[in-house]
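Me: Please take a close look at one buried serine and its surroundings in this predicted model, and then follow the contacts outward as far as they lead.

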Amino acid sequence: MKLLCRNILFITLFLLIFTGSGNAQTTWSVILSNDHIKDEAIRVVLDDLQNTGKQFGLQFKIINDGKAISDHSIIVGSPVRNRCTADLAKARKIRLQGIDNPEGYEIMTRDINGNRIIVVAGGSLIGDVYGLYWIWDRLRVYKKIPELNVKRAPVFKIRHAYLNSKKKIRQSLRYCINYVSGQDALFLVPWHAEPENTETLEKRREIKDVIEYAHSLHIKYFTNSYEFFYHPSLLKEYGATLSPSDPAFWDALQAKYRMLLRAMPELDGVCTGNGELTGVTGNYKAFDIMLDGECCDWSLEKRYRTFVKKMYNVVVKEFNRDYFQATWVTNSYEQHSQPDIYKKIFTRDVPTKNFYVVPMITQNDRWWFQPYNPTFNLTPHNMIAVFQMMSYHESQGTKLFPTFPGAYFQAALQTIEMPKKSNLKGISCVYVPEKNGWNSLSLNAYTAYRLEWNYNENLRDIARDFASIHFGPKAADGMADILLLSPVAYKYGLYIEPVTYGAFNSLIQMRVDTFPAMGYPNIDNGKEHIHSLRTIYLRCKPWIPETLIYLDHGVETANSMLQIFQNTRPLFADAELAQRVENSLQYTRLLVQTNNYYVRTFFAYFEYWDNPTSENKNKLVETFTKLTAIRNKYKTLQFHYNLFGINHLLINVEQALQDLPKAKEKMATLPNSDEITQIIKNQQKKYTRILQEHSNDAVKFLHWQGKVDGRDILKIKGKNIEIEHLRWDPIYAMDYKFLRTLPEKKLTVIPKDIESRPMHPFILEQPCRGNNYTAQVYLYDIPGGYGTCEFDLYYIAKSPKELGLEIPWQTKH
């Protein structure tokens, strides 16, 4: 009903109203059949054409295909679906070759009776939509509708993204996406428990509306889940234990998806994976099928193969839906990265019909210096390649110049497609941008879109078109040069080549928007961090000159990008846009140069440490001075990059330059990582004992819970919490409640752990006058991925010394 009303409004508006404004405008008729006029995807693409056309003096009006051609026209549909196309073909004014692929299209331009006529003849109605979107794309590139004579069809039948809102699904049509994975199945299953059953009922109603909209755009909708997430009621109902060797466990898993698919017949399929188990909240629980299990000695291969077959039997055999299985995992030694393990899982025993394996295009994750994934074409099972953004060095707030992934992606596809019977059937660009922009997300999605239709396309054409869309036709050539150089600057300017090979993570000294400090720098004065840098240094030591040549090549490339921009800047029509682009290129050069000085400084530090000659000292002074100067630049720029690791290196370098023997003596006396871990465990044992002994006078003042991945420090003062994020991904799903204000007086804060993974919460600093009565709680989730962390904080009105809880590393105040 909603779509019907929208279509009626669409017909009314387009039949009566011209779009566009201003005096000097060109009018185009868009000639549609009745079926076209009723179609939501046609409405969406024409809405995009209409809005974009306004910017360039174009207006469009909708004409029914029963009327005569009277002006410039876009005729939509093959002779079978549009009477005007049929009349032109019959009169031999056009000669269409025809197209076999229903998603493909043929576009032909002719001048007929003084009017420009463009025929868009798709292999089906959705082919017509994709053809119109190619016109829209060309309009954005050329700022006018050019002469078009092309025949195009997608190489890959599956073009996928992970999306879960109508707005994003609408945007995905611009990239010819035809499959989306959205809501987690966990929140759609009709659980036999409250309040979850009521909550999932509401969520199903919401998602059914989203699915209806996706279907109106000819897009299939899947759930997206990492398994195994469950409600405890499920295991109780089936008498199941958390063990793959328990048959009842698999009954429970299958029951979960039966309940889902019975409750939501609108679903086209399910997408599952078994990597990071994150996102579970409330009463829901998580279980790692591949690694955990009560009294289960099953191998990874047997667990994984059993999981896939049990899922397949429900999703495909019982409900005739499609099944996508993502193989990614946070290591380099399991099914995603190791061909032998992959082949042992996906044997002939695993069916192929309606089943697709979904690995990343890289062997491990989205880093440079990564081989292509070695699991393609090993078995008959169809596959979908994931095109993650190759920009692990940036986050949304860093404002760096985008990373063009085209050369890497294209060569990967050419490699995978070399066999005569390649099993690659689709590409996932992962995300599409919610707003039009020239960031890495937009560039990644646009590059994937172009390669999905022709993976041999000239990369410069893709880069130039993207540049023309966002920076204007006059600036497009220069900006294309810069885009093509961007992966060179980042790959060679940020990655330390000798330490990249054979590692899961090939960018180990930085991450997303941070130069992390390893170990416990607040406790060990950076000892563990220096140890980690020495490991890098020793890997590079046999070929330091060559390592620096690569890093310098990255700097030189970043400089070239800026120089090209200076020559291109006068061609920008928008001065404000030009300034934003220049800022992003300045930030790119700054980051690459910072990394260069960082590496040179710790190389020089270890050379001086190991061989304290005057020459080595002078070299260290030089690199220390340069790194300090560039670090200080960050204080005056709106460039949000955390320099934790750099700051701790500079502290240690300064100590070495002031008095090397003293610095060595201090370093030797500091606790190492294992010793610190034991100190913390001893403190945590005392927490439990002291809280029991002081059960009458311990005051609970805060309850905190959240999802932690890596390291964070909670700084608590009064009734305020500040988070200092140190490493890996930030805290999410945080919830806390102050029961009392933390007093500003002599006291001791003690955590009571409710649920967490090692290291478990511990007190980094007790509140005192010297830190303005701020308690610091250190959260460190060691295992991969996010873990639940929940605890209470108490205070006792006695000093840490009185309670025997003095913190060895805290300065006395």
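Reply: The residue to begin with is S442, which is placed in helix α13. Its relative accessibility is 3%, and S442 therefore counts as buried, the cut-off being under 20%. Once the neighbours within four places in sequence are set aside, S442 is in contact with P433, K435, G437 and F466. With G437 there is also a polar approach, since a polar atom of the S442 side chain lies 3.0 Å from the backbone oxygen of G437. G397, by contrast, is 45 residues from S442 in sequence, and the two C-alpha atoms are 15 Å apart in space.

The contact with F466 leads to helix α14, where F466 is one of the buried residues. This helix covers residues 459-471, and its 13 residues should span 18 Å at 1.5 Å a residue; the C-alpha atoms at its ends are 18 Å apart, so the expected and modelled spans agree. Of those 13 residues, 10 are buried, which leaves α14 mostly covered. The buried set consists of L459, I462, A463, D465, F466, A467, S468, I469, H470 and F471. Among the elements that cover these buried residues are α13 (440-453), the helix of S442, together with α5 (125-142), α12 (406-416), α15 (476-494) and α19 (575-610). At the start of α14, the backbone nitrogen of R460 has a side-chain oxygen of N458 within 2.8 Å, while just after the helix G472 adopts a positive phi of about 100 degrees.

A second buried serine, S391, is found in the loop between β15 (382-386) and α12. Its relative accessible area is 3%, and it is buried for that reason. Not counting residues up to four places away in sequence, S391 touches R366, T403 and S440.

Helix α19, which is among the elements covering α14, also takes part in the aromatic packing of the model. The count of aromatic pairs comes to 55. In one of them, the rings of Y304 and F346 have centres 6.0 Å apart and planes at 70 degrees, so this pair is edge-to-face. It joins distant parts of the chain, with Y304 in helix α10 (residues 300-318) and F346 in the loop between α11 (339-345) and β14 (355-358), 42 residues apart. Both Y304 and F346 are buried. Another edge-to-face pair is formed by Y598 and F602, with 5.4 Å from centre to centre and 85 degrees between the planes. Here both residues lie in α19, four residues apart, or about one turn of the helix, and both Y598 and F602 are buried. Y598 and F602 also belong to a cluster linked by ring pairs, whose other members include F515, Y537, Y587, W609 and Y641.

Rings also meet charged groups in this model. The charged end of R138 sits over the ring of W134, at 4.1 Å from the ring centre, and R711 lies over the face of Y780, 3.7 Å from the centre of that ring.

As for confidence, the protein chain has an average pLDDT of 93, and 96% of its residues score at least 70. Over residues 8-23, however, the pLDDT is below 50, and this stretch has 24 contacts in the model beyond near neighbours in sequence.

How values were computed
Residues are numbered from 1 along each chain as its sequence is written. This is a predicted model: local features need pLDDT of at least 70, side-chain atom pairs count only at pLDDT 80 or more; totals for chains, interfaces and linings use all residues. Side-chain values use heavy atoms; hydrogens and water are left out. Helices (H or I, at least four residues) and strands (E, at least two) are DSSP runs, numbered from the N terminus. The expected span of a helix is 1.5 Å times one less than its number of residues. Buried means under 20% relative accessible area, exposed over 50%, partly exposed in between (1.4 Å probe, protein chains only). Contact means heavy atoms within 4.5 Å. A polar contact is a pair of N or O atoms within 3.5 Å; within protein, one must be able to donate a hydrogen and the other to accept it, and residues adjacent in sequence count only if both atoms are side-chain atoms. Rings of Phe, Tyr and Trp (its six-membered ring) pair if their centres lie within 6.5 Å; planes under 30 degrees apart count as stacked, over 60 as edge-to-face and the rest as tilted. A charge sits over a ring if NZ of Lys or CZ of Arg is within 6 Å of the ring centre and within 35 degrees of the ring normal. pLDDT is the predictor's confidence in each residue, from 0 to 100.
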